[in-house]
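New to this one? Have a look at the sequence and the fold first, and then we'll walk through the ligands and the chains.

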Amino acid sequence: MTTQPASAPASTDRSRSLALYLHIPFCTAKCGYCDFNSYEGLPGHLVADYTPALVREMELWAPAAKDLTVDTVFFGGGTPSLTSLDDMSQITAAIRAQFNISPDVEWTLEANPTELSREHLDGLRALGVNRLSMGVQSLQPEELTLLERLHSPERVIEAVRDARAAGFDNLNLDLIFGIMGQPLSKWQDTVERILELRPEHLSCYALTVEPGTALYYRVAKSQIEEPDPDVAADQYEWTRTRLAQAGYEQYEISNWALPGRECRHNLVYWHAEPYLGLGAGAHSFFLGRRIANVDAPNRYVEAVNESWEERQATGRGELRQIAGGETPDEATQRADAIILGLRLMRGISIADFTERFGVSPDDAFGPAIAKHEALGLLERVDGQLRLTERGLLLSNEVFVDLLPDEDDD
Amino acid sequence: MEQSRIRNFSIIAHIDHGKSTLADRMLEVTGAIELRDMREQVLDSMDLEREKGITIKAQAVRMPFTAADGNQYEINMVDTPGHVDFTYEVSRALAACEGAILVVDATQGIQAQTLANVYLAMDLNLKLIPVVNKIDLPSAEPERVAQELIDVIGFDPDEVVFASAKTGVGVTDILQAVVERIPPPQGDRNAPLRAMVFDAKYDAFKGVLVYIRVLEGRARMGERMRLMQQSARFEPVEVGYFRPALQKSDLLEAGEVGYIATGLKGVSQSRVGDTLTIDGPGGATEPLPGYQPAKAMVFAGIYPTDSDSYAALRDALERLTLNDAALQWEPESSAALGFGFRCGFLGLLHMEIVQERLEREFDLDLVATAPSVEYELTTTGGEEIRIDSPAELLSPDKIAEIREPWVRVTISMPARYIGTLMQLVTERRGEFDRVEYLDHAEDESESRVLGTYHLPLSEILVEFYDQLKSRTSGYAAMDYAIEGYRRAHVSRLDILVNGESVDALSAIVPTGDAGPSGRKLALKLKELIPRQMFDVPIQAAIGGKVVARETVKALRKNVLAKCYGGDITRKRKLLEKQKKGKKRMKMIGSVEVPQEAFMAVLKMRD
Ligand SMILES: Nc1nc2c(ncn2[C@@H]2O[C@H](COP(=O)(O)OP(=O)(O)OP(=O)(O)O)[C@@H](O)[C@H]2O)c(=O)[nH]1
Ligand code: SF4
Ligand SMILES: [Mg+2]
């Protein structure tokens, strides 16, 4: 292998840092492939009640985070760009009031081009949002229709231009490849036109037809074909070469950035560092626990309000918005660390892993690592264990063998 | 209850003619089951029965009934399966009864399996009550079907009862007919106990439960008992009857049906067809005649996916055999699959049900090999052997003659399909025997007929039934029985995966058809074996000569999609699901082969 280890920052000392994730579960219309915790057409009062609930959830958590500094905030969804500037300013004010915010905070908001106005972009910028992640997915009209996206290719170009004009100098665009019936040439065309926009960051995901989605239903009914995995593989390989040529560095299986523009927030996940997720269906890895909030927005709002009122009245009480959680045992922590770490191009540092867990990756996962080295999916370079070029697209084959053995019940 | 007030009967019919639904109505009318416990086909209590919508196990239940004479009767009903693969259940149920209700669907009329069941009941001299069911349906032809019953089976016109198991019409009439026409049991209650074990089941707390029909004497709590054939001795943990849940009663007398919890933990200590009696001087000396053992029609290997589960599979088979008297098995081993069991089944549905039950009830992951019939083989040395797996087939130079089982197939259908059937049967190496008319419609082609054919058993195993249904738009129904062996011309088709011969994938095919079969099988395997990390060649060979080659191309992509907001638990779950899927596959060398691939030979005709 001749590829250099990417220069994405290694896990720097973030022991006093915290990543904050806020989930906005509303969308104008559900996209055909989407199985995220997002909803279309929720009643207005629920949307209205959501902001105060988010603010209250912050108040519930704030004491636990008082010694930490937030160095990345991420509004994910759903479609956070749908939230009004009024609500947005209440939320951002609460964030600043409840948490210590680092001066160089990375502050990302996910946006859909459809209804993104110049005024809104100006407003977001003024509130302190400094990174925009836009769901583009494709610049081919027929693909956008197939995916049930509401915007046109032209709207994407306008929205990007407006974002630039509003002062967003850190922009991510999300793209989807491996769409059924999508030839390599169409994907190339999308990528070429995206490159003209010179975003600082690009995420390219292979389409997966998830059970329960509209797309899944149409495939099951044979109305449309399944995506062709070999075409997707061709597209992926082409993308790696092309983006490298264009000066983008791939730092994760699906993520590319101009130098120094890696997404700090996503790195937190892949480094298995703590993050606090707020909102319906949000996930946290906080105080050693993995926590999931209830998915349904109405139940989330009720639960937060109950907990908050109880806290006001008695000074204590459980967090009812939490639907479930686990404290990963040692084996699960190791598996998480290696599985998440291997998603990064540089892989995991064998020394760091050994120091952290008191056992080397080879001692913990010997047969699995040996098997996949033999198959050419894993390799060792300069004290790092990482996926090979071929291993990137076959990463699940590796990860499956790294899972801890389930206890037989 | 005194015997004059007891009636024992089975419900028999062709598949889907409404036995279990009719049983529901009788349970309601008699109040045997509380309304709140009622659901459709309540006697189909196994998950598998409910999912497939068919009865698999015969199920007994006791009901109280106040007849027109004002007397209270104890009626014992056994709902039976209709599918031909479960005939053994029916015959044992019938042997525990004095009569049977013969249900015929008013929209379908007499079907092949109706007649097969009638013959079973007649052999046992049982009183039959003909019931024309589903008269509520717009397409019902009750009069025509009643006439069939009169003409074909010889009932009197006034014997036929009309009913709808859906609306409940006629249900009380049926119960009344049971009381009036079916003779009460007549065993001597003062004779030494003799009870027939017609079914059994393992219970973790109560040990082996034997389901019995008491023919003579009494079975009560507190007395030591003995199973005569297996000479197992025990003191009952519980005595009772079915409602259909187990109901304690402490006493079962001649004429009654119920169960005894034996407390026995060794499952091999009891067997269907055994005789239960009192242990010691008060016991019987002569056992009851018992049942004919079931004759397996098809054979297949069953192996644990994970070879560590061999012992668990053996335990599971032992326990399942208690509850499935038709299942046979013995240990075997395969170079590709390791240690497992050669099992004999009554048909493919039976095989599927056994595999499902083993997996579900005993939490096992299994691989079954393609089913085979049993061949008779004369070697050049004059030796006679029987083989039921492709691996056992000797090389052609050692074989003087091979014979395969043939079946007599009866098919009921409208006359207009006689030609269609002729074609299907010929395609499958079969012969036409005769056609009889079940009735005479004005339009001759609408008359219903019963066709008789002779075919090799192996030919009806593979999608024959599906073809029959689709080519006759569902109007035909079939039954079959072994009738003997005839000379066969067959060869073994070997399969090589990644260069290695895999015994468990080989098949016995007609010699004249071996080349095309090899190509079809290789192609089917290519579809069924998932892509691996490397190219996997698949070859079909006959006598060492490769006749077909396909390649499963290496996998290039298996990567997770975007997961929002750090939902790592979910990512892990997705991976765990993939891992489970892989665990269900069998490693053949370094190739992961799914269960379905071993059945590829059944799918070759697609
Ligand atoms: N309309 C109508 N449908 C009926 C009647 N009796 C049964 N059915 C339907 O016919 C189908 C088969 O009924 P079952 O009671 O399961 O038939 P079965 O004879 O027990 O079937 P097997 O046990 O599989 O042989 C079901 O969908 C019933 O709802 C009836 O009198 N009228
Ligand atoms: S915009 Fe995003 S979150 Fe909303 S439905 Fe579409 S894919 Fe799902
Ligand atoms: Mg039934």
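Let's start with ligand 1, which has 20 residues around it, the closest being B:Gly18, B:Ser20, B:Ile54, B:Thr55 and B:Gly82. Keep in mind that this is a predicted model. Helix H1 of chain B, covering residues 19–30, supplies the largest share of that shell, with three residues. Sorted by class, the shell around ligand 1 holds nine polar, six nonpolar and five charged residues.

Now over to ligand 2. Its surroundings come from chain A and include three cysteines, A:Cys27, A:Cys31 and A:Cys34, along with A:Lys30, A:Phe36 and A:Ser38. Further along the chain, A:Gly77, A:Gly78, A:Thr79, A:Asn112 and A:Gly135 also belong to the shell. By class, that makes six polar residues, four nonpolar and one charged around ligand 2.

With the ligands covered, here are the two chains themselves.

| Chain | Helices and strands | C-alpha extent along the principal axes | Buried residues |
|---|---|---|---|
| Chain A | 15 helices, 17 strands | roughly 60 × 55 × 45 Å | 44% of 409 residues |
| Chain B | 13 helices, 33 strands | about 80 × 70 × 65 Å | 49% of 606 residues |

Chain B, then, is built from 13 helices and 33 strands. Its radius of gyration is 27 Å, close to the 25 Å that the globule rule gives for 606 residues, so chain B is as compact as a globular protein of that length. Plenty of its contacts reach across the sequence: if you take those between residues at least 6 apart, 70% join residues at least 24 apart.

Chain A has 15 helices and 17 strands. Here the radius of gyration comes to 21 Å, close to the globule rule's 22 Å for 409 residues, so chain A too is as compact as a globular protein of its length. Of the contacts in chain A with a separation of 6 or more, 72% are between residues 24 or more positions apart.

How confident is the predictor about chain A? The average pLDDT is 93, and 96% of the residues score at least 70. Among the elements of chain A, helix H6 (residues 184–197) has the highest mean pLDDT, 98, while strand E14 (residues 322–326) has the lowest, 91. Watch the start of the chain, though: over residues 1–11 of chain A, pLDDT stays under 50. For that stretch, the model has 23 contacts beyond four places in sequence.

Note on methods
Residues are numbered from 1 along each chain as its sequence is written. Chains are lettered from A and ligands numbered from 1 in the order in which they are written. This is a predicted model: local features need pLDDT of at least 70, side-chain atom pairs count only at pLDDT 80 or more; totals for chains, interfaces and linings use all residues. Helices (H or I, at least four residues) and strands (E, at least two) are DSSP runs, numbered from the N terminus. The radius of gyration is taken over C-alpha atoms; the globule rule is 2.2 Å times the number of residues to the power 0.38. A residue is buried if 20 or more other C-beta atoms lie within 10 Å of its own, exposed if 12 or fewer, and partly exposed in between; C-beta atoms are placed from the backbone. Two residues are in contact if their C-beta atoms, placed from the backbone, lie within 7 Å. A residue is near a molecule or strand if its C-beta atom, placed from the backbone, lies within 6 Å of it. Ala, Val, Leu, Ile, Met, Phe, Trp, Tyr, Cys and Pro count as nonpolar, Asp, Glu, Lys and Arg as charged, and the others, Gly among them, as polar. pLDDT is the predictor's confidence in each residue, from 0 to 100.
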